[in-house]
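Trainee: I am new to this structure and would like a close look at a single part. Could you take me through one helix with care?

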Amino acid sequence: NTPCTVRAPVVALALTAALLPGCPRAPGDVASGAVTTAGACRVRVEDTAFTVVPPEPMPAPRSRVGVEVNASLAALERELAKQVPVTLATERHRSVGTAGEVSYVVRRGRFGVALDISRLTVKVPVEVEAEVCKPLGPFCPTYGRCSPRLMALASVPLLLSDSYEIGKSRVSISVHRPCIIGGYDATPQIKSQAANQVGQVQSRIDAAMPDLRPSVNSVWELLHHPIALGSSTCLRIAPDRVTQNRPVLKDGALITELGAEGTLRIEDPCEPNVAVKPGPLPRLVTSEAAATGVELRVAVRTSWLDVSAELTRSLTKKGASEAETRVVKVEATGTQLGPRALVVMRATLAGATCGNLRLLAEPWFDGEAGRLRLRRIVLAPGAPEVPGFAALAASIEQHASAALPVDLSAGPAALTALVQGFGRDLPDGAEIDAKIAKSAVERVHPEREGLVALAVFSGHTTFRLR
């Protein structure tokens with residue numbers, strides 16, 4: 001009787017195996033061309049050479065903070081009516097030479113506000129009630145009356161110059177109904193008086209226009225302040241461009257937007273008290289169709305060392321049987337495979353199949369779990385076929401995960417507070433509406449040094465004059 005396990009030289013072992021085909025194989029026997037080891041391992045896989053091509057780095061994401069200005073035409077007309085009285089001028093018994101004396105009252109009509117290309121225009125009809133009398137001693141009997149009608153038109157540019165200055169106003173007055181008294185045409189005199197008033201009105205409008213550069217400069221400086229995400233981390237905005245959109249008229253409101261663009265980075269550890277001296281304001285760029293709203297895009301980077309440790313922890317199964325093929329260690333890095341950037345893993349296996357196996361996977365972000373995950377797992381080129389690989393890949397896809405190194409949950413509140421700060425010293429009747437939604441990870445990209453999750457905060461900021 002020959003025992004099933006033979007402790008003998010190699011030749012004797014081979015002869016025994018040939019003569020006794022019905023004996024079960026003990027650990028260490030040769031099966032299907034694979035060398036097995038002691039324990040539950042039945043198939044050993046060897047690591048294969050795989051050339052890692054460093055992935056293309058993700059382009060630096062651009063961010064934008066846009067502030068919409070929304071002013072209803074009715075509100076503008078109401079504000080103008082408060083500032084300009086209905087009775088513009090009145091005078092009695094003013095000498096006009098041989099014609100006698102004139103008395104008149106000038107009243108304005110209702111303001112009409114509109115948009116003319118890129119200029120805010122204000123039209124207002126002007127009515128004049130005039131009468132002329134001829135002095136006779138203590139009396140001055142009226143011998144003529146007229147009611148000329150004029151139209152005043154003023155406009156100011158809504159687009160700032162590239163140096164953040166408001167352009168000059170334009171004012172004109174036209175006569176729509178002449179003034180003729182007793183055959184005497186007083187219209188030329190009215191036009192002359194109106195022309196004199198135009199220059200004064202235009203000067204007053206231009207003098208009343210605010211200097212916006214200090215306000216823009218203040219917002220520019222505010223954008224350079226860090227935005228706290230936690231006790232040691234913050235966001236730093238590095239703006240490099242300021243834009244303005246051409247104004248449009250929509251639903252009875254004038255709408256335009258000023259925006260700042262630049263890059264955003266996470267700083268850890270953050271030094272919030274370190275002064276950041278902003279560079280000079282860049283020249284203002286006018287855009288025909290610029291992006292609107294707030295969209296902050298930040299790259300959250302995790303080193304491959306941390307990714308490997310997190311994946312290993314997530315795949316370590318408690319209570320797994322020794323016969324079950326499982327991953328006990330992961331070494332991850334990135335590789336470029338054609339047009340795709342993928343995660344390449346050197347997975348150390350234990351159980352029925354053991355050894356080292358190269359795998360490729362696509363990284364993605366699980367928004368519900370808030371963790372980095374892997375999917376579409378395949379064998380790397382040149383890697384051997386593995387029994388039960390489909391089940392192994394499914395298990396990795398189900399369990400493998402890694403946390404982001406930064407908690408972004410505090411971002412929306414901090415960013416909302418930032419943009420609300422733009423509305424300091426708003427005039428009466430104006431309000432600011434600002435809201436930033438929670439972040440969403442748009443994509444995950446492998447790079448040479450680690451995984452990059454592109455997180456996006458989106459929202460809006462609106463100054464509204466109702």
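Mentor: What follows is a look at one helix, α5, with a short view of the chain around it. This is a predicted model, in which local features need pLDDT of at least 70 and side-chain atom pairs count only at pLDDT 80 or more, while totals for chains, interfaces and linings use all residues. Residues are numbered from 1 along each chain as its sequence is written, and side-chain values use heavy atoms, with hydrogens and water left out.

The protein chain holds 7 helices and 27 strands, where helices (H or I, at least four residues) and strands (E, at least two) are DSSP runs numbered from the N terminus. Of its 466 residues, 40% count as buried, a term for under 20% relative accessible area, with exposed meaning over 50% and partly exposed in between (1.4 Å probe, protein chains only).

Helix α5 takes in residues 304–315, and at 1.5 Å a residue its 12 residues should span 16 Å, which agrees with end C-alpha atoms that are 16 Å apart; the expected span is 1.5 Å times one less than the number of residues. Within α5, the buried residues are W304, V307, S308, L311, T312 and L315. They cover an arc of only 130° around the axis, which puts them on the same side of α5, the arc being that of the directions from the helix axis to the C-beta atoms. In general, an α-helix has 3.6 residues a turn, so residues three or four places apart point the same way. The face of α5 turned away from this buried side carries the exposed residues L305 and R313.
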